Amino acid sequence: MNRVILLNHNKYGLGVKDMIRRIVTSPHPALRIVAKEATEINEQIKTIAQDLEDTLEVNIRKAVGLSANQINECYRIIAFIDIETRKIESIINPKIIYYSKDDLVLGKESCLSYPGVSKYITRPREIIVEGYSKMGNPVKYSMTDYQARIVCHEVDHLFGKCKVGISK
Ligand SMILES: [Zn+2]
């Protein structure tokens, strides 16, 4: 059981329950699992997406994104901060349909699941990612630079391959 009920007094006021989940750390096996497509966006999937957003929100001083693997769920779901609006978004079944393979940038990354580790990782400067919102609507985002880096990092997790935690 890693579901914990916390009261989030800051954002919503007293008494509103957020589902804050424990973030697993290496060598937890969930970090190496290839997550499954959500074949339908049912209550279970919506709940995982919401929990991921809530868990990111309480960790926002030290994290900019989370993947479902990191809360020990095996579906393709990510949450991340929109660095312009500071809002937390999630994508179900995210798929990177374009990346700028001739325009790459090197940047430092770390990960709550690999505490104390940071690495320089090459990422595309620009990506287009599509998937579904937690309401079940199709979404498509074009992202650049740090925003693209965040989403690339989270999508790697869904393949069980966080580059921060892999030695090569
Ligand atoms: Zn990570």
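In what order do the five strands of the open sheet lie? The structure discussed here is a predicted model, and in it the five strands line up as 3-4-5-8-9, with antiparallel pairing. Strand 3 (65-67) and strand 9 sit at the edges, each pairing on one side only. From one strand to the next, the twist averages 40°.

Stepping back to the whole chain, the protein has two helices and nine strands. Read from the N terminus, these elements follow the pattern β-β-α-β-β-β-β-β-β-β-α. The protein is 168 residues long, and 35% of them count as buried. As for contacts with a separation of 6 or more, 61% of them link residues that are 24 or more positions apart.

Now for the sheet, strand by strand. Strand 4 (residues 77-81) meets strand 5 (residues 88-99) in the antiparallel sense, and five bridges hold the pairing. One matched pair here is Ile78 and Ile91, with Ile91 belonging to strand 5. The two strands make a hairpin with six residues between them, and in its turn Arg86 shows a positive phi of about 65°.

Strand 5 also pairs with strand 8 (residues 126-132), again in the antiparallel sense and over five bridges. In this pairing, Tyr99 stands opposite Ile127 of strand 8. Ile127 also has a partner in strand 9, namely Met143. Strand 8 and strand 9 (residues 138-144) run antiparallel and are joined by seven bridges. Another bridge partner in strand 9 is Thr144, which is matched with Glu126. Strand 8 and strand 9 form a hairpin too, this one with five residues between the strands, and Gly136 in that hairpin takes a positive phi near 90°.

What about the helices? Helix 1 covers residues 43-58, which makes 16 residues, and it reaches 22 Å from its first C-alpha to its last, close to the 22 Å expected. The buried residues of helix 1 include Ile45, Ile48, Ala49, Leu52 and Leu56, and charged ones such as Asp51, Glu53 and Asp54 are on the list as well. An α-helix has 3.6 residues a turn, so residues three or four places apart point the same way. Ile45, Ile48, Leu52 and Leu56 are among the buried positions of helix 1. Leu52 has plenty of company away from its own stretch of sequence: leaving out residues up to four places away, it touches Leu66, Ala68, Ile71, Ile77, Ala79 and Ser90.

Helix 2 runs over residues 145-158, so to speak the second of the pair, with 14 residues and a reach of 21 Å from first C-alpha to last, close to the 20 Å expected. This helix is mostly covered, with twelve of its 14 residues buried. Among them are Ala148, Ile150, Val151, Cys152, Val155 and Leu158, along with Arg149, His153 and Asp156. After helix 2 comes Gly160, with a positive phi near 70°.

Which residues touch the most other members of the largest nonpolar core? The core has 28 residues, and the best-connected ones are Ile48, Leu52, Ala68, Tyr75, Ile77, Ile78 and Val151. Two or more residues of this core come from each of helix 1, strand 4, strand 5, strand 8 and helix 2. Helix 2 gives the largest share, six residues.

One loop residue rounds off the picture. Leu112 is found in the loop between strand 6 (104-110) and strand 7 (118-124). Is Leu112 buried, exposed or partly exposed? It is partly exposed, because 17 other C-beta atoms lie within 10 Å, while a buried residue needs 20 or more and an exposed one has 12 or fewer. Not counting residues up to four places away in sequence, Leu112 touches Ile23, Asn59, Lys62, Ala63 and Gln70. Leu112 and Gln70 are 42 residues apart in sequence, yet their C-alpha atoms are 8.6 Å apart in space.

Key:
Residues numbered from 1 in each chain as written. Predicted model: local features only at pLDDT ≥ 70, side-chain atom pairs only at ≥ 80, totals over all residues. Helix = DSSP H or I, 4+ residues; strand = E, 2+ residues; numbered from the N terminus. Expected span 1.5 Å × (residues − 1). Pairing = 2+ DSSP bridges. Core = buried A, V, L, I, M, F, W, Y, C linked by C-beta atoms within 7 Å. Contact = placed C-beta atoms within 7 Å. Axes fitted to C-alpha atoms, helices over the stretch in contact; angles between N-to-C directions.
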